[in-house]
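Hi everyone, and thanks for making time. Let me walk you through a structure that is new to most of you; please have a look at it first.

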Amino acid sequence: MSAHPLTPVPVNPASLAAPSGYSHGTLSGNTLYLGGQTALDAEMRIVPGGIVEQFRQAFGNVLATLAEAGGVPEDLVSITIYLTDIPDYQAHGREIGRAWRELAGPVYPAMAGIGTTALWQPEALIEILGVAVIPDERLRPPR
């Protein structure tokens, strides 16, 4: 049982674009629910260059939110990846795998890849969301 209150607390890193009508993450106890991240940069633009670059930005955004609450990639317990073009993602699987390992190391939580017809931004190819459980000794609830 967590020693932390279960009242949800928004987690919004200053390094990400300021959210409007949502939070980048929500912390409840030791569980951080990581909101869906597309490949938006700090200027609210989808990064150019295709699926590998968009994966790197979107997953980096997820990890920035995780770090804001004191988490590390090893704390990830679940990741869901929404894709507008599954064959494109599969064709770049090795490069995406390298990007994952650069950003998170050899951490592979439970995962799902789901095809969808569109995402919030028309030029977005990928959206990543997840769940992490952060141990007490690293947990940094936002003030």
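Let's start with one residue, Ile 96. Its relative accessibility is 3%, and buried means under 20%, so Ile 96 counts as buried. Please keep in mind that we are looking at a predicted model.

Where does Ile 96 sit? Ile 96 belongs to helix H3. Which residues does Ile 96 touch, once those up to four places away in sequence are set aside? Ile 51, Val 52, Phe 55 and Tyr 89. For a sense of distance, take Ala 69, which is 27 residues from Ile 96 along the chain: the two C-alpha atoms are separated by 25 Å.

Now let's widen the view to the helix itself. H3 covers residues 93–104, which makes 12 residues. At 1.5 Å a residue, H3 should span 16 Å, and its end C-alpha atoms are indeed 16 Å apart, so the two values agree. Along with Ile 96, the buried residues of H3 are Gly 97, Ala 99, Trp 100 and Ala 104. If you look down the axis of H3, these buried residues fall within an arc of 160°, so they line one face of the helix. On the other side of H3 you will find Arg 94 and Glu 102, which are exposed.

What covers the buried residues of H3? The cover includes helix H1 (51–68), strand S4 (76–83), helix H2 (86–91) and strand S5 (110–115). And just after H3 comes Gly 105, with a positive phi near 75°.

Let's turn to the sheet. Six strands form an open sheet, and their order is S1-S2-S3-S6-S4-S5, with mixed pairing. Its edge strands are S1 (9–11) and S5, each of which pairs on one side only. On average, neighbouring strands are turned by 15° against each other, with direction ignored.

We can walk across this sheet from one edge. S1 and S2 (residues 25–28) run antiparallel and are joined by three bridges. Val 9, for example, has Leu 27 in S2 as its bridge partner. Further along, S3 and S6 pair in the antiparallel sense over five bridges, and here Gln 37 stands opposite Ile 128 in S6. S6 also pairs with S4, again in the antiparallel sense, over seven bridges. Two pairs to look for are Ser 78 with its bridge partner Val 131 in S6, and Tyr 82, which stands opposite Glu 127 in S6. Then we reach the other edge: S4 and S5 run parallel, joined by six bridges. There, the bridge partner of Leu 83 in S5 is Gly 115.

Next, the inside. As a piece of background, nonpolar side chains in soluble globular proteins tend to be buried together. In this model, the largest nonpolar core has 27 residues, and Leu 32, Phe 55, Phe 59, Ile 126 and Ile 128 have the most contacts inside it. Which elements give two or more residues to this core? They are S3 (31–37), H1, S4, H3 and S6 (126–133). The largest share, eight residues, comes from H1.

Phe 59 is a nice one to zoom in on. Leaving aside neighbours within four places in sequence, Phe 59 is in contact with Leu 76, Ile 79, Trp 100, Leu 103, Ala 104 and Ile 128. Apart from this largest core lies another core, of six residues, including Ala 39, Ile 46, Val 47 and Ala 124.

Let's compare two more places. Leu 63 is in helix H1. With a relative accessible area of 12%, Leu 63 is buried. Beyond its neighbours within four places in sequence, Leu 63 is in contact with Pro 73, Leu 76 and Leu 103. Leu 63 and Glu 53 are 10 residues apart in sequence and 15 Å apart in space, C-alpha to C-alpha.

The last stop is Met 44, in the loop between S3 and H1. Is Met 44 buried or partly exposed? Its relative accessible area is 45%, so Met 44 is partly exposed. The phi of Met 44 is near 65°, a positive value in a residue other than glycine.

That's the tour. Thanks for listening, and I'm happy to go back to any part of it.

Note on methods. Residues numbered from 1 in each chain as written. Predicted model: local features only at pLDDT ≥ 70, side-chain atom pairs only at ≥ 80, totals over all residues. Heavy atoms only, no water. Helix = DSSP H or I, 4+ residues; strand = E, 2+ residues; numbered from the N terminus. Expected span 1.5 Å × (residues − 1). Buried < 20%, exposed > 50% of the residue type's maximum accessible area, 1.4 Å probe, protein only. Arc of directions from axis to C-beta. Contact = heavy atoms within 4.5 Å. Pairing = 2+ DSSP bridges. Axes fitted to C-alpha atoms, helices over the stretch in contact; angles between N-to-C directions. Core = buried A, V, L, I, M, F, W, Y, C linked by side-chain atoms within 4.5 Å.
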